[in-house]
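Trainee: I have just opened this entry and would like to understand how the descriptions of it are reached. Could we look at it together?

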Amino acid sequence: MNSKGFTLMETIISIIIVAVAVVGILSVIYNVTQKGIDPVMELKACELGQAMLDEIMLKRWDEDTPLGGGHIDVSLANIGTETGETNREDFDDVDDYDGYSDGTGSEPLKDEAGNTLTGFTGFSRSVTVSFEKPADAPAGIDSKNYKKITVKVTLPTGEELSFVSYKTNI
Ligand SMILES: [Ca+2]
Ligand SMILES: [Ca+2]
């Protein structure tokens with residue numbers, strides 16, 4: 001056997017090995033693409049989820065939290081809207097959004113200013129807010145000092161993406 005180069009047989013075997021490897025990689029990529037969410041739909045879902053989360057995170061931690069922030073006694077904290085806060089434009093603290101949804105039924109998707117969003121046919125959002133500590137929160141702090149905000153976006157395909165953030169009583 002020629003030790004300085006490849007024989008014809010060695011070359012053919014190498015080509016077959018490379019071809020099998022390429023087919024293997026392509027089938028993995030194909031599977032990922034098939035099972036994944038359409039990237040355009042995913043981008044739109046992210047836009048909707050992030051916009052809602054950004055809007056909520058800018059609100060006060062609780063109705064009794066002073067303007068500009070500050071810790072309050074956790075016994076004062078609650079989840080839900082206060083008297084007179086029936087519409088989204090009335091919401092002034094993060095937990096007012098608990099149970100809010102748009103893109104469903106008679107409530108179209110809207111931005112914070114109340115403008116109806118276009119280009120999101122079939123999408124919907126829903127918000128839940130609860131007292132819950134993040135996994136990496138320091139031990140010893142009552143979980144009632146944390147509010148977990150979850151914005152769930154449902155795609156026209158029925159798939160769901162959740163966007164989660166925590167706001168702290170500080
Ligand atoms: Ca409120
Ligand atoms: Ca409230």
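Trainee: In which strand does V129 lie?

Mentor: V129 lies in strand β2, and we should keep in mind from the start that this is a predicted model.

Trainee: What makes V129 a buried or an exposed residue?

Mentor: The count of surrounding C-beta atoms decides it: a residue is buried if 20 or more others lie within 10 Å of its own. V129 has 22 other C-beta atoms within 10 Å, and therefore it is called buried.

Trainee: Which residues is V129 in contact with, leaving aside its neighbours within four places in sequence?

Mentor: V129 is then in contact with I79, V94, D95, Y97, D98, K147, K148 and I149. With V94, which is 35 residues away along the chain, the separation of the C-alpha atoms is 7.6 Å. I149 is also the bridge partner of V129 in β3, and in β4 the bridge partner of I149 is S165.

Trainee: How do you know that β2 and β3 pair, and in which sense, parallel or antiparallel?

Mentor: Two strands pair if at least two bridges are found between them. Strand β2, residues 124–131, and strand β3, residues 146–154, have eight bridges, and the sense is antiparallel. Another bridge to look at joins S126 to K152 in β3.

Trainee: What makes β1 and β2 a pair?

Mentor: At least two bridges are needed, and β1 and β2 have two bridges, in the antiparallel sense, so the condition for pairing is met. D102 has R125 in β2 as its bridge partner.

Trainee: How many bridges join β3 to β4, and what lies between these two strands?

Mentor: Nine bridges join β3 to β4, and the two run antiparallel. They form a hairpin with five residues between them, and G158 in the turn has a positive phi of about 95 degrees.

Trainee: Why are β1 and β4 called edge strands?

Mentor: The four strands form an open sheet in the order β1-β2-β3-β4, with antiparallel pairing. Here β1 and β4, the latter covering residues 160–168, each pair on one side only, and that is what the name edge strand refers to.

Trainee: What pattern does the chain follow when read along the sequence?

Mentor: The pattern is α-α-β-β-β-β, made up of two helices and four strands.

Trainee: How do you know that the length of α2 agrees with its number of residues?

Mentor: The expected span is 1.5 Å times one less than the number of residues. For the 19 residues of α2 this gives 27 Å, and the end C-alpha atoms are 26 Å apart, which agrees.

Trainee: Which residues of α2 are buried, and why are they said to be on the same side?

Mentor: The buried residues of α2 are K44, A45, L48, G49, M52 and I56. They cover an arc of only 125 degrees around the axis, and therefore they are on the same side of α2. The face turned away from that buried side carries the exposed residues P39, V40, L43 and M57, while what covers the buried residues includes β2, β3 and β4.

Trainee: Which residues have the most contacts inside the largest nonpolar core?

Mentor: That core has 17 residues, and those with the most contacts inside it are L48, V94, Y97, F123 and V151. Two or more residues come from each of α2, β2 and β3, and α2 gives the most, with four residues. V151, leaving aside its neighbours within four places in sequence, is in contact with G49, M52, L53, R125, V127 and F163.

Trainee: Why is A77 called partly exposed?

Mentor: Buried would need 20 or more other C-beta atoms within 10 Å, and exposed would need 12 or fewer. A77 has 19, so it is called partly exposed. A77 is found in the loop between α2 and β1, and beyond four places in sequence it touches D62, I72, K144 and N169.

Trainee: Which element has the lowest mean pLDDT?

Mentor: Among the elements of the chain, helix α1, residues 8–35, has the lowest mean pLDDT, 66, and β2 has the highest, 98. For the chain the mean is 89, with 88% of the residues reaching 70 or more. Where pLDDT is low, the predicted coordinates should not be read in detail.

Methods:
Residues are numbered from 1 along each chain as its sequence is written. Chains are lettered from A and ligands numbered from 1 in the order in which they are written. This is a predicted model: local features need pLDDT of at least 70, side-chain atom pairs count only at pLDDT 80 or more; totals for chains, interfaces and linings use all residues. Two residues are in contact if their C-beta atoms, placed from the backbone, lie within 7 Å. A nonpolar core is a set of buried Ala, Val, Leu, Ile, Met, Phe, Trp, Tyr and Cys residues joined through C-beta atoms within 7 Å. The arc is that of the directions from the helix axis to the C-beta atoms. pLDDT is the predictor's confidence in each residue, from 0 to 100.
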